[in-house]
Amino acid sequence: MTLQVVNNATCTFCGCVCDDIQLHHDEIRIHEAKKACVLGTAWFLNHTAEKKYPDAIIDGREASLDEAIEMAATLLHEADMPLVYGMSNTTCEAQKECAALADQLGGLLDSHTSL
Amino acid sequence: MGGKVTCTLGEVKQRADFIVYWGGNPAECHPRHFTKYTIMQKSKFLPRGRKDRTMVLVDIRETKSAKAADIFLQVRPGKDFELITILRALVKGQHVGDAQIAETGLTREVLDDLVQRMKTCKFGCMFFGMGLSMTRGKHMNSAALLTLAAELNAFTKFVAMPMRGHGNVTGADVIMRWQTGYPFGISFNRGYPRYNPGEFSTVDVLVRGDCDAAFIIGADPGATMPQPAIDHLKRIPTIVLDPHVTHTSRLARIHITTAPQGIAAPGTAYRMDEIPLPLKPALKSPYPTDEEVVRRINQAIAQKPFWLPEGSQPQMLNAQV
Ligand code: SF4
């Protein structure tokens, strides 16, 4: 089996954000993360492209993505003081959307930094 | 963190001949920090690499990082602020009493030597971790250390930098500063951003039970927060976006699976020195990205009536790209 190689991939597990990792993958999982440290290797090898979880879960039952988005929007819109929190393990692009979400809702916006 | 005396890791790698780690354990938490950016690198200005550099570790216990250090200072727990204040006084040549020094668990000789080294190095850098910023004194400790770094510039080049934890927390700070003017703990409930940690920070909000819905993304408060906060998350409708079904997902009303950043989702992440780096995802995920899901939720909410009366709607963040 030949593995595909991605050069200079970026690890986001810790604040070092090493951008020199060489990833060997077969489109389903990453088999090797060269240059990454133990933490980074574990991070890369633990995530796969398999469908391990349902698209969405609502009140304990499996649901479709569309349904979950619609219900999330309704719940957030109905709330008087919704909280948008986290944003550690996500991209800046998603973080910007979160800032817009909190703004649109008139809610609270906070990250891990405040802990 | 506006106005902080800092630099990029590239400068540290090229020039820093004196490196202090304060309240952090890079050997175990940031394993490649030594080899990639700080003590192990050879450079034009420090051709002998490790031999040209001095490393000091200040911590309350002897961690694995102490093995890498030339000097290890074991400060008494909760006395970081006192120690920084003493160093600031010694740097300025002011008198410090023996009792004050004894309180920190260190000796005058050690501190005099440290101050001497700080003043005479060519380029000093202090990295401070959670051991400083999350213990007694919290942000006052960080502020004191940044002031010490600023004051040392009367003698030599000196900077300080926080050792940020995992993931893209630095990115969250930067994005919030860019979009709202504040780094965290923000409320939009008057239609414009207001900043007040303690009032608007998540743990306090949850423990007091102030919010009536929660949207959690890229975090697992269900595993890390104090129990009263978790209890409140159970009471209110909670929505979680995560690549895995987490502790928080189990107590949430809605969980949406998303693609993991950097592995299957493209985008940008910030390094601890606030350098943005592009992500290079290797895999294609069957799930959508966080960005896509939050954007769709935003669009769905935009269809509904605005929460303020008609005509009083302020300019929204996404309208000013
Ligand atoms: S490879 Fe290791 S040091 Fe580098 S970002 Fe990943 S976890 Fe951090």
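## Strand pairing around β8(B)

β8(B) runs parallel to strand β9 (residues 238-242) of chain B, with 4 bridges between them. Strands here count as paired if DSSP finds at least two bridges between them. Helices (H or I, at least four residues) and strands (E, at least two) are DSSP runs, numbered from the N terminus. Within the β8(B)–β9(B) pair, B:F215 has B:I239 as its bridge partner.

This is a predicted model: local features need pLDDT of at least 70, side-chain atom pairs count only at pLDDT 80 or more, and totals for chains, interfaces and linings use all residues. Residues are numbered from 1 along each chain as its sequence is written, chains are lettered from A and ligands numbered from 1 in the order in which they are written, and side-chain values use heavy atoms, leaving out hydrogens and water.

## A sheet built from both chains

β8 (residues 213-217) of chain B also pairs with β6(A), again in the parallel sense, over 5 bridges. There, A:G86 is bridged to B:I217.

The open sheet holds 9 strands, ordered β5(A)-β4(A)-β10(B)-β9(B)-β8(B)-β6(A)-β7(A)-β6(B)-β7(B), with mixed pairing. Its edges are β5 (61-63) of chain A and β7 (194-195) of chain B, each paired on one side only. Helix α9 (residues 169-180) of chain B packs on the sheet, touching β7 of chain A and β6 (186-187) of chain B. The direction of α9(B) makes about 150° with that of β7(A). Such angles run from 0 to 180 degrees between N-to-C directions, and axes are lines fitted to C-alpha atoms, for helices over the stretch in contact.

## Extent of the interface

Chain A brings 90 residues to the contact and chain B brings 99. Contact means heavy atoms within 4.5 Å. About 8,600 Å² is buried between the chains, and carbon and sulfur atoms give 64% of that area. Buried area is the accessible area (1.4 Å probe) that two parts lose on being put together, summed over both. A:Y85, A:D103 and A:Q104 supply 8% of what chain A buries against chain B, more than any other three residues.

## Polar links and the chain A side

The two chains share 6 salt bridges. One joins the side chains of B:R32 and A:D20 (2.9 Å, N to O). A salt bridge is a side-chain nitrogen of Lys or Arg within 4 Å of a carboxyl oxygen of Asp or Glu.

Elements giving two or more residues to the chain A side include β1 (4-9), α2 (65-78) and α3 (92-105). α3(A) gives the most, with 14 residues.
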